[in-house]
2 protein chains.
Amino acid sequence: QTYTLSSLAGVSAKLKPLDTFADRHLGPNASDVQHMLSTLGFQDLQEFIKQVIPEQVLVQRKLKIQPETGYTETQMIDHLKELASKNKVLKSFIGRGYYGTITPPVIKRNILESPEWYTSYTPYQPEISQGRLESLLNFQTIVSDLTGLPIANASLLDEGTAAAEALSLSFNNSKKKRTKFVVDFDIHPQTLSVLKSRAIPLKVEIVQLDLKSETVFEQLETIKSDVSGILVQYPSSSGSIINQAQLQKVADFIHAQKGLLSVASDLLALTLLTPPSQFGADIVLGSTQRFGVPLGFGGPHAGFFAVIEKLNRKIPGRIVGVSKDRLGNRALRLALQTREQHIKRDKATSNICTAQALLANIAANYVVYHGPDRLKKIAERIYGYTSILAQQIKDNSAHELETTQWFDTLTVKLNGATADELLQRAVEQYQTNLYKVDSHTVSLSLDETVTEQDLVNLTELFTAKAISVSEIQNFPEFPAEIRRSDSILSNPVFNTHHSETAMLRYLHYLQSKDISLANSMIPLGSCTMKLNGTVEMLPLSWPEFGSIHPFAPKDQTLGYLELIKNLETDLADITGFAGTSLQPNSGAQGEFTGLRVIKSYLESKGETQRNICLIPVSAHGTNPASAAMSNFKVIPVKCLTNGSLDLDDLHAKVEQYKDQLAAIMITYPSTYGLFEPTIREVIDLIHSNGGQVYLDGANMNAQVGLTSPGDLGADVCHLNLHKTFAIPHGGGGPGVGPICVAEHLVPFLPSHEVRPIAKHNELSIDSVSSAPYGSASILPISYSYIKLLGATGLPFSTSIAILNSNYMMARLKEHFEIAFINDDGVKFSGHEFIIDLRKYQGKGVEAIDVAKRLQDYGFHAPTLAFPVAGTLMIEPTESENLQELDRFVDSMISIKKEIEWQIAGDSRGLVLKNAPHSAEDIILSKDWETRGYDRELAAYPLEFLRKNKFWPTVARLNDTYGDLNLICTCPSVEEVAAGSD
Amino acid sequence: QTYTLSSLAGVSAKLKPLDTFADRHLGPNASDVQHMLSTLGFQDLQEFIKQVIPEQVLVQRKLKIQPETGYTETQMIDHLKELASKNKVLKSFIGRGYYGTITPPVIKRNILESPEWYTSYTPYQPEISQGRLESLLNFQTIVSDLTGLPIANASLLDEGTAAAEALSLSFNNSKKKRTKFVVDFDIHPQTLSVLKSRAIPLKVEIVQLDLKSETVFEQLETIKSDVSGILVQYPSSSGSIINQAQLQKVADFIHAQKGLLSVASDLLALTLLTPPSQFGADIVLGSTQRFGVPLGFGGPHAGFFAVIEKLNRKIPGRIVGVSKDRLGNRALRLALQTREQHIKRDKATSNICTAQALLANIAANYVVYHGPDRLKKIAERIYGYTSILAQQIKDNSAHELETTQWFDTLTVKLNGATADELLQRAVEQYQTNLYKVDSHTVSLSLDETVTEQDLVNLTELFTAKAISVSEIQNFPEFPAEIRRSDSILSNPVFNTHHSETAMLRYLHYLQSKDISLANSMIPLGSCTMKLNGTVEMLPLSWPEFGSIHPFAPKDQTLGYLELIKNLETDLADITGFAGTSLQPNSGAQGEFTGLRVIKSYLESKGETQRNICLIPVSAHGTNPASAAMSNFKVIPVKCLTNGSLDLDDLHAKVEQYKDQLAAIMITYPSTYGLFEPTIREVIDLIHSNGGQVYLDGANMNAQVGLTSPGDLGADVCHLNLHKTFAIPHGGGGPGVGPICVAEHLVPFLPSHEVRPIAKHNELSIDSVSSAPYGSASILPISYSYIKLLGATGLPFSTSIAILNSNYMMARLKEHFEIAFINDDGVKFSGHEFIIDLRKYQGKGVEAIDVAKRLQDYGFHAPTLAFPVAGTLMIEPTESENLQELDRFVDSMISIKKEIEWQIAGDSRGLVLKNAPHSAEDIILSKDWETRGYDRELAAYPLEFLRKNKFWPTVARLNDTYGDLNLICTCPSVEEVAAGSD
Ligand SMILES: Cc1ncc(COP(=O)(O)O)c(C=O)c1O
Ligand SMILES: Cc1ncc(COP(=O)(O)O)c(C=O)c1O
Ligand SMILES: O=C([O-])O
């Protein structure tokens, strides 16, 4: 047996601790493995793997990961604690888009630490996702209410990328004709950097102006016919609130040019401040971090994005919409899918796929818990503290207060001290971080966590005088002239759950409607819904990881930096590459980053003409979308009917475009789940024609320790840490999409404006995310995953993932057609395989019927219609045990019988068409006598369901209705009342 | 407005942090309070309270609790962290019943930190408790399997009290004739102390003998006719495993005398060791702590208790049994309730009520997760480490190894060093604690957490030589001659859920069957199911509280000691008393302790003849049971039909017994929920006749800050911290039942053998729990509760609890009879009230029908048949909001309509008799055409249920069937297979 979890034997094996993780991570035990192997006709796992993975692909380079056999759970926790202790938690009033916040403990425990919330998938199957959908609808309603704009999405990756989406949207809105985008000077530096990295490939020029100045309109006038949009920050990065009349003039100007006004804003400020809608904003965007989401060294946090009505089909990202189910009951689902890249491919204007659902849900529930009154109090308190401090600085110091109207941020020009001196004193005497603007200017942003002691400290820091809080006579009120006058958040959901008990129940109520990994296997092909181990998740709860500002001084973040460095090294080892960037905060973001790196590399060699990106037709929609965003011309490459890449077509396309060939993007094993033996040929072909090879690592779970992109000869790959490396999917995010690159591409990896990262140099591309290390606070998850499995456990785990998949396929093959697999050709799948249901089309059964019917059996459907319409792609992962695999297979076999009924005209087959069956359908529908099948068949087609039944809470969704009648905010009290009549 | 949460105004109110707890703990907001007050005809809360609480009772002494207005949540966490940092976590190989263990993270997160598990109630309503019941049945099966005895209960409070129960059971088994109980010398010292405190009132003499000696049979011979039982520890306290042949002889001896052999044992050892059943044990008992339950400075941990078949009606505590539901499906419920004190009252032989369900569930799931093979590996590894160390000590040191056959514990007689020196060196050089046996003897017990480094350290400590683990040639195997040969834990449940994913799903599956506070109000009168706030629960997860051995050196436990001291002081303040003991680990245990204190006090005054305890007939069953255990003669006092104590009867009884009068036990407000105005008279009467007044504090939630036992003149009270002071009920425990006493009783508070507590003196009674501070690790919950509400918040909270109750009562009064409340007499209830359904008896509707039907409405039933048969007692607590109160009331009103149907012979009334309705009943039952009511009425009698339906997983339980066919372990594979045919 070549693969074992531990190579220890004898005494030392017996001395070893037994709280091992690897065997807990894996579903099957040793005897299950033997059973599955023998079902497949093998005795030995290594023999099996050799049959599955082509010889020229199976590398099995020994990984360098330490410890070799992995940490035990206890060792891992100890090690993480040690890393944590190297981060120093100080009070951070650094601001610039990141603020101290208090995650209400009831939300922390019941969302952030609840597997039911964090292990669920993006709610593409609405009938078993109404809980998350309701919560995301609340999120959209909050954004819409506070910005004043009617349409909001269910989160973006962060504020920087939200700003970049605004740029893109504006550019596209001008039909790509207007190539200038105006940005106010006083914008977060990291936002500017992300804007640049998105503008460069689009060939959009960013023009920075001082929008608050009187003379700006003259400047605007000179470029007006080229401007697609204007972006201003409100309150601004340095803390000012630009005059609203001025902003109205800016809006009028840009609207006269048919351009768009975008406003980066802060939702907490907007609880008090006149909303941007009032002065003509078309787009309002920003971060919801300070609504209860830990700083986490920069992320993940949910960006938000709201638009005016007429842009509703152009808004990027997912939108939850209100629709109806088959029975006419109100139900929620993701709306307007037709806008997205999986449909529009290289015509898509955004590549966003995984977003920040979990963080959006935390933010939304923060608002549900506090409600409008408490939120306003929080904002007023911050304003009051800021104002008292401002007064102290004005009255009692020689420093100059640069900010004249503020919400929470003051910029102070120092007299008699350098910024460095002041910051150092703040750290040493008061354990407080401020922000250095320039050598003699600092800024600070107060937040929800501010205390009387902070006020005393900060006053003393700036004025060298002690202030006694009890002597404060006045608590400054938010100025009436900039205060909003409308009522906010009046929907009942924001005015009901304010006791902890009520909040707990609301969260539990939402959660109970959703299928997550805590219920059953989620066999989504291409998504790798594996175990998100508890030990891996623990550090997310620790303040030493949670309460670190991304711009905190380096010496306060040594634990993070050590972890990041090790993770970069391990990922480079695993992918066979030389360098890693952890900055991209989703897979799609990784694609964009990788393509930007390739482009910059080619340009550095003077090969600016290379702009063709070959992409197989089977590719995931984000690939062409990312390529298009990177200003590549996408040329599709055909696939053969046996699933493999059409090499003839490839050769032809390469030949045709060889002078402009920039890159190919391929997924390996392919999106069809196949280990194509020709991969090295393909790579060589591209290289020999001057192109670079981008490997989409979404399927890395079939490679780790067995082969690697680097070993195969590719140049760059992205990884979905939220697939292969155990970050939970969070119901639609967060994700981390690092890229690993070969030596020659390392210099081009992204850097960061505010907090330059180690490898920064003049070749570095601009930032792709707001934060230097993207979604840093979830990196400990993947780090732990790797360190728990170790160099021995990782390839073993990969092998089990492949074994599980082939075992299921072998059993299902007796009952269903498996796409691209047959006894004459490719006999084995990789870690996933495709059930082909196309032969039933036109006979009254569609793939969606099977997907929906699986819900009645308690399962989340496999991936539907990707990569092939009319099919289901199944990926069990290594974490599912034999029992669960069999339970799923048995359910599919039972459904096969139902398909046959339906095709034969047996009325029992209608059970498929009416699936899923909610309890309400079973109990309240009046047509049971005439349905053609009975309630038992509907609800309990197999015995195990009587013991363990998950109820879809609505019947099948009516997508058309919802898209025609787009509603993406909570209904008002009146609407609810009317609806229930 | 006299009651406000905060007395701050103006600027300082605005500066205050907003993460306040008090207003989150309370359900109703200010406008709800006004609404409820005006429904009741009041405008002001203080005015209302004055009407509810008699003038002579309403004291409103200002509490001294600091901080006065309570900590905010952030401040509380900071403060708790600071206390935690004063505890020092060292490796503890102290043993003596407490061992290091690893709580599997998946269990920690999904049970210990899951409100769904910890907020549920004792599973008296089986239809909505099948999850916990299944888990407790697993627990019983584990105990039964490992001990070899067929009947096991669902946990006892700890090992000491389990031993005391064995003593009691043996004594009772001898019809109280045999007054000697033999205990081996080598038993845990704390067990001996608990045995003594239980033996003294029973007038049982504990005879300590050396049962391993050859000559012991001669000694036994001399007392044989007086011996009711023998208790031996196996493995013994000092680590030896007494020869099994010898134990068989002991068993033969005692059986010949018709006495019982009890064995205190260790379940982990029993995975390897021949089980006590093999040498004739009748009772096996111990602690399951080392099955994943944190040390927690001594508790809570689940004690276990197993007996031979013929003792099955005599086993103390709760037993889960297998039965059937109305439809004939297998279902679980608490069996043999007729044995318990709430039925047998002063004839009961045990007072145990609240036990350790949550900890039993952790232990059970630890076994589910590990399974028999891994458990044996854990045990073998411990044995191997212990043996290697033993060899090193023998071979390489001058010390003398006293233990000859061991499992995990070695006792070492030191040569050349004192025990103190060695222990100090262990702490200083190796951060390790051992146990001091005497001045020159130490012992150590290895455990699951032992590592190679520990072995190196300990070897060096004892031998002053370095050992290189890689040189160890042999890993000692557990000796065949004492090894058990049967297979253990063969039930599928222990052989299935070994991956983390499978375990997560199993826990989620169990949890989803149960109603907890995360679902809906649990309005159990006398149980105070209030919010268990997240902040309060946090410290349970921290190693600084979890990983402290109860016998750790004092300077490592300063955080605990500070917290304990403050909590004692605050509780004394709240109760108006002078001293507190936190040792009792349940309410009933508190009763026993308080009565023992009273008795000792009376005896110290020479009043040994005082042995009468007056107890109103309305008292909770534990009161007479505890009094009987304390060897008081219980004299019941009548109650009038209006619910108040029959003062004439009381006077008569006092007069009759005044010379023997020892005490009265009363509950205030009474178990009927009434603030009896005559309470001071009653107390004076008892005092003037030489008796002491024991106040049962189960209803303290109606007193805190408004009045107190001390202010009323009582002498002692117990508190249920798991009611009033926010410790979650845990599905049937843990609990804490401290007693507070007046000045004259302080000297009698219990001490501890091993770790004397501050107030120890020669008057102190023996221990009532194994651990010095009882269930120490959950004390931070109550501590936080008090500190979060502060002196201002506590009385306000009490007032809201009373308001909520009266509001519900006012609404329900229109539809139901309320016992003891009427417009001419007492108009208001305290914090709970009784719905009297007796008038429907004989007309086809019983109280239980209403209780079961409430499940169909998604509610846990109120307290059924206590304190009055045929009634339901409702206690909403302050944590429920107006919406939830109304939802419950509306459900009751809807049920009223169903009652009327039933009485009128309308067939729709049968919905009550068939309640609750499981989904299976709705879907699979064939009789729906003829039921007389439809599925909609069954499942969705009110609109809100369509949105939020909780499904009972079984139909109404058949109690008789289960008691007649007692099965209290998991069915074997064969039985399951047979059953499903
Ligand atoms: C093959 C492939 N590539 C790229 C992506 C995009 O990753 P992300 O959703 O993290 O942006 C996915 C996501 O499902 C994928 O399956
Ligand atoms: C009035 C009363 N006294 C005593 C007790 C016993 O408390 P415990 O269950 O903690 O032993 C109870 C428990 O319900 C009670 O209601
Ligand atoms: O378990 C109780 O009776 O509180």
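How far is a nitrogen atom of ligand 2 from an N or O atom in the side chain of B:Asp696? The distance is 2.6 Å. Welcome to this predicted model; here is a short tour of ligand 2, a serine of chain B, and the way the two chains are related.

**Around ligand 2**
- Besides B:Asp696, the side chain of B:Asn720 takes part, with a polar atom 3.0 Å from an oxygen atom of ligand 2.
- The backbone of B:Gly587 also has an N or O atom 2.7 Å from an oxygen atom of the ligand.
- On its own, ligand 2 has 380 Å² of accessible area, and the protein covers 97% of that.
- There are 14 residues around ligand 2, and those that come nearest are B:Thr354, B:Ser526, B:Asp696, B:His722 and B:Lys723.
- By type, the shell holds 8 polar, 3 nonpolar and 3 charged residues.
- Helix H22 of chain B gives the most to this shell, namely 3 residues.

**B:Ser586**
- You will find B:Ser586 in the loop between strand S16 (579–581) and helix H22 (587–604) of chain B.
- B:Ser586 counts as buried because its relative accessibility is 1%.
- A polar atom of the B:Ser586 side chain lies 3.0 Å from the backbone nitrogen of B:Gln589.
- Beyond its neighbours within four places in sequence, B:Ser586 is in contact with residues including B:Thr354 and B:His722.

**The two chains**
- A turn of 180 degrees, with a shift of 0.0 Å along the axis, lays chain A on chain B with an RMSD of 0.0 Å.
- That is the relation of a two-fold axis.
- The copies meet through the same surface, because 100% of the interface residues of chain A are also interface residues in chain B.

How values were computed
Residues are numbered from 1 along each chain as its sequence is written. Chains are lettered from A and ligands numbered from 1 in the order in which they are written. This is a predicted model: local features need pLDDT of at least 70, side-chain atom pairs count only at pLDDT 80 or more; totals for chains, interfaces and linings use all residues. Side-chain values use heavy atoms; hydrogens and water are left out. Copies are superposed by least squares on the C-alpha atoms of residues with pLDDT of at least 70 in both. Contact means heavy atoms within 4.5 Å. Helices (H or I, at least four residues) and strands (E, at least two) are DSSP runs, numbered from the N terminus. Buried means under 20% relative accessible area, exposed over 50%, partly exposed in between (1.4 Å probe, protein chains only). A polar contact is a pair of N or O atoms within 3.5 Å; within protein, one must be able to donate a hydrogen and the other to accept it, and residues adjacent in sequence count only if both atoms are side-chain atoms. A residue is near a molecule or strand if one of its heavy atoms lies within 4 Å of it. Accessible areas come from the Shrake-Rupley method with a 1.4 Å probe; for residues, only the protein chains shown count as cover. Ala, Val, Leu, Ile, Met, Phe, Trp, Tyr, Cys and Pro count as nonpolar, Asp, Glu, Lys and Arg as charged, and the others, Gly among them, as polar.
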